Amino acid sequence: MSSPAEFYNSLPPISKAYGTACLLTTTAFQLGLLNIFYIALLHEYVFKYFQVWRLFTNFFFLGKFSINFGIRLLMIARYGVQLEKGPFERRTADFLWMMIFGALSLLVLSAIPIFHTPFLGVSLVFMLLYVWSREFPNAQINIYGLVTLKAFYLPWAMLALDVIFGSPLIPDLLGIIAGHLYYFLTVLHPLATGKVFLKTPMWVNKLVARYRIGAPSRPSSQSAAPSDRPTGVAFRGRSYRLNG
């Protein structure tokens with residue numbers, strides 16, 4: 001069995017970086033080193049006082065140390081890592097762009113008063129879960145040893161459990177909306193029209209290449225089939241059986 005250090009070093013770059021940032025943020029909060037008020041998404045402070053860092057920092061707080069925090073962190077370590085190592089293998093730029101697109105979508109949605117929440121980290125994690133459930137729809141998932149269901153239904157099952165246990169509904173729902181928007185633009189719409197509108201921008205590829213944090217996306221071709229394009233290849237619906 002590999003050591004924790006070996007396991008950590010084996011993680012793909014984007015999931016590892018995001019999970020680490022979330023863990024460090026909560027640790028700093030618990031130790032009294034960080035006042036989360038200064039990283040929360042408060043639109044008044046963003047636009048009136050130009051505290052633009054709030055648009056980024058709010059994604060790194062998943063809550064205080066608790067069972068819910070542990071579950072969210074494990075979701076990154078499992079579903080984010082499986083996406084990055086599986087359908088997004090050697091396509092780090094595409095995975096990073098998916099995360100960026102999800103964050104931008106969540107920022108837009110959070111501007112709607114009914115959807116506003118000061119921290120969108122849980123929503124971004126739920127987006128990862130939703131995308132994973134569409135990539136591995138037939139995987140058998142066991143929830144707390146009580147219920148076994150297909151991964152396709154996992155986001156809705158997790159949302160229902162959060163409601164039962166008294167967690168807020170909005171963050172989970174926002175993640176599902178953002179995840180489906182990405183899925184629609186990269187899979188459903190291209191399959192229906194043959195046109196791909198949501199492609200990984202060149203600056204993301206250059207960023208990945210410059211800092212050598214992974215593999216840039218493969219060059220796209222106008223004549224390529226939708227399933228061969230960088231934005232559509234992630235959703236082939238392969239079936240895997242996962243333990244617990």
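Okay, before anything else, a quick word on terms: by a pocket I mean an open set of grid points with protein on both sides within 12 Å along at least five of seven lines, and its volume is the space filled by probe spheres set on the points. With that in hand, the second largest pocket here holds about 320 Å³ of space. I'll come back to that one. Keep in mind that this is a predicted model.

So, the overall picture. We have 244 residues, and 47% of them count as buried. There are ten helices and two strands. If you walk along the sequence, the order goes α-α-α-α-α-α-α-β-β-α-α-α, so to speak. On contacts: take the pairs of residues at least 6 apart in sequence, and 68% of those contacts join residues at least 24 apart. The accessible surface is about 12800 Å², with 67% of that belonging to carbon and sulfur atoms.

Now the pockets. The largest one has a volume of about 520 Å³. Who lines it? There are 17 residues in the lining, and Phe60, Leu96, Met99, Ile100 and Ala103 are the ones nearest the centre. Three elements give two or more residues each: α2 (13-30), α4 (54-57) and α6 (92-110). Helix α6 has the largest share, with six residues. And how does the lining split by class? You get 17 nonpolar residues, no polar ones and no charged ones.

Back to the second largest pocket, then. Its lining has 16 residues, and closest to the centre you find Leu62, Gly63, Val122, Pro168 and Pro171. Helices α5 (67-85) and α9 (170-193) each put in at least two residues, and the largest share, three residues, is from α5. By class this lining is mixed: seven nonpolar, five polar and four charged.

Last thing, a helix pair. Two packed helices are described by the angle between their axes and the distance between the axes. For α7 (residues 121-135) and α8 (residues 154-164), that's an angle of about 145°, with the axes 8 Å apart. Which residues make the contact? On the α7 side it's Phe126, Leu129, Tyr130, Trp132, Ser133 and Arg134, and on the α8 side it's Leu154, Pro155, Trp156, Met158, Leu159 and Asp162. Sorted by class, that contact has nine nonpolar residues, one polar and two charged.

If you want one thing to scroll to in the structure, try the lining of the largest pocket, with its 17 nonpolar residues. That's me done, thanks.

Terms used:
Residues are numbered from 1 along each chain as its sequence is written. This is a predicted model: local features need pLDDT of at least 70, side-chain atom pairs count only at pLDDT 80 or more; totals for chains, interfaces and linings use all residues. Side-chain values use heavy atoms; hydrogens and water are left out. On a 1 Å grid over the protein atoms alone, a cavity is a set of points where a 1.4 Å probe fits but cannot get out, and a pocket is an open set with protein on both sides within 12 Å along at least five of seven lines; lining residues have an atom within 4 Å of a point. Helices (H or I, at least four residues) and strands (E, at least two) are DSSP runs, numbered from the N terminus. Ala, Val, Leu, Ile, Met, Phe, Trp, Tyr, Cys and Pro count as nonpolar, Asp, Glu, Lys and Arg as charged, and the others, Gly among them, as polar. Buried means under 20% relative accessible area, exposed over 50%, partly exposed in between (1.4 Å probe, protein chains only). Contact means heavy atoms within 4.5 Å. Accessible areas come from the Shrake-Rupley method with a 1.4 Å probe; for residues, only the protein chains shown count as cover. Axes are lines fitted to C-alpha atoms, for helices over the stretch in contact, and angles run from 0 to 180 degrees between N-to-C directions.
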